[in-house]
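Subject: Structure for your review

Dear colleague,

Please find below the structure that I am handing over to you. I would be grateful if you could read it alongside the notes that come after it.

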Amino acid sequence: MARQRSIFSIILVFLATFLISCGGPSVAVAPPTYTADQVAQIQEYVPEIQTVRDRADELKNLIQTNEWIDVGNFIHGPMAEARLTMTYITPHLLPKDQTAARQITKDLLTHLVKLDQAAGRGNSLVALNNYQAVFTDVDKFIQLLPEGSKQAES
């Protein structure tokens with residue numbers, strides 16, 4: 001009797017294993033994509049970032065000519081607006097891109113603060129280095145945006 005129970009248990013284990021392994025095909029989950037509404041929401045904000053990006057040479061010229069008050073105005077005006085816009089866009093990005101977008105926005109703020117401090121001290125070299133870092137951050141952020149919104153900025 002004990003021998004029959006052991007054999008019966010082994011048969012049940014094999015049967016359960018067979019049934020589990022023969023289950024239906026696994027359903028591949030499609031990677032998350034942007035909906036038309038998400039792209040539309042992002043597209044509303046992209047021109048503001050692109051406008052600031054297009055004015056990069058203006059800021060560089062202000063730094064090179066030591067017009068520190070205007071540099072400060074640019075940092076606290078258009079650049080601050082662009083950073084705020086980036087913050088608005090971040091929740092509309094795909095979850096995998098949101099972390100990177102938040103980090104880029106933090107890096108941008110750090111570089112803007114350093115640029116502002118350099119402008120306050122009249123240090124052209126540090127200001128130019130942080131100017132480059134600021135627009136590198138902006139470019140990185142733009143690369144995270146969905147293709148449909150990038151076309152809108154061109």
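The notes below go through what was found, beginning with the whole chain and moving on to its parts. Please bear in mind throughout that this is a predicted model.

The chain as a whole

The chain contains 7 helices and 0 strands. Read from the N terminus, its elements follow the order α-α-α-α-α-α-α. Of the 154 residues in the chain, 32% are buried. The chain exposes about 9,700 Å², and carbon and sulfur atoms supply 58% of that area. Contacts can also be sorted by how far apart the partners lie in sequence. Among contacts between residues at least 6 apart in sequence, 74% join residues at least 24 apart.

Helix α5 and its cover

Helix α5 covers residues 95-121, which gives it 27 residues. From its first C-alpha to its last it reaches 40 Å, close to the 39 Å expected at 1.5 Å a residue. Which of its residues are buried? They are Asp97, Gln98, Ala101, Ile104, Thr105, Leu108, His111, Leu112, Leu115, Ala118 and Ala119. The cover over these buried residues includes α3 (56-64), α4 (68-89) and α6 (124-144).

Gln98 is a useful residue to look at within α5. Its relative accessible area is 16%, and Gln98 is therefore buried, since the cut-off for that word is under 20%. Setting aside neighbours within four places in sequence, Gln98 is in contact with Thr90, Pro91 and Leu93. Just after α5 comes Gly122, which takes a positive phi of about 75°.

How the helices pack

Two packed helices are described by the angle between their axes and the distance between the axes. Three pairs, each of which includes α4, are set out here.

The first pair to consider is α2 and α4. Helix α2 (residues 36-54) packs against α4 at an angle of about 150°, and their axes are 9 Å apart. Because angles over 145 degrees count as roughly antiparallel, α2 and α4 are described in that way. Their crossing is left-handed. On the α2 side, the residues that meet α4 are Ile42, Tyr45, Val46, Glu48, Ile49 and Val52. Their partners in α4 are Pro78, Met79, Ala82, Thr85, Met86, Tyr88 and Ile89.

Next come α3 and α4. These two helices pack at an angle of about 150°, with their axes 8 Å apart. They are therefore roughly antiparallel to each other. The crossing of α3 and α4 is left-handed. Glu58, Leu59, Leu62 and Ile63 in α3 meet Trp68, Asp70, Val71 and Phe74 in α4.

The remaining pair is α4 and α6. Are these helices roughly parallel or roughly antiparallel to each other? Their packing angle is about 20°, and their axes are 12 Å apart. Angles under 35 degrees count as roughly parallel, so α4 and α6 are roughly parallel to each other. The crossing of α4 and α6 is left-handed. Trp68, Met79, Met86 and Ile89 are the α4 residues that meet α6. From α6, the residues taking part are Ser124, Ala127, Val134, Phe135, Val138 and Phe141.

Single residues to find in the viewer

Asn66 is found in the loop between α3 and α4. Most residues other than glycine have a negative phi. Asn66 is not a glycine, yet its phi is positive, at about 60°. With a relative accessibility of 43%, Asn66 counts as partly exposed.

Asp57 is found in helix α3. Is Asp57 buried or exposed? Its relative accessible area is 54%, and Asp57 is therefore exposed, the cut-off being over 50%. Asp57 and Tyr131 are 74 residues apart along the chain, and their C-alpha atoms are separated by 10.0 Å.

Leu125 has its place in helix α6. At 59% relative accessibility, Leu125 counts as exposed. Leu125 and Gln64 are 61 residues apart in sequence, while their C-alpha atoms are 9.2 Å apart in space.

Yours sincerely,

A colleague

Methods
Residues are numbered from 1 along each chain as its sequence is written. This is a predicted model: local features need pLDDT of at least 70, side-chain atom pairs count only at pLDDT 80 or more; totals for chains, interfaces and linings use all residues. Side-chain values use heavy atoms; hydrogens and water are left out. Helices (H or I, at least four residues) and strands (E, at least two) are DSSP runs, numbered from the N terminus. Buried means under 20% relative accessible area, exposed over 50%, partly exposed in between (1.4 Å probe, protein chains only). Contact means heavy atoms within 4.5 Å. Accessible areas come from the Shrake-Rupley method with a 1.4 Å probe; for residues, only the protein chains shown count as cover. The expected span of a helix is 1.5 Å times one less than its number of residues. Axes are lines fitted to C-alpha atoms, for helices over the stretch in contact, and angles run from 0 to 180 degrees between N-to-C directions. Angles under 35 degrees count as roughly parallel, over 145 as roughly antiparallel, 65 to 115 as roughly perpendicular and the rest as oblique. A crossing is left-handed if the near helix is turned anticlockwise from the far one by less than a right angle, and right-handed if clockwise.
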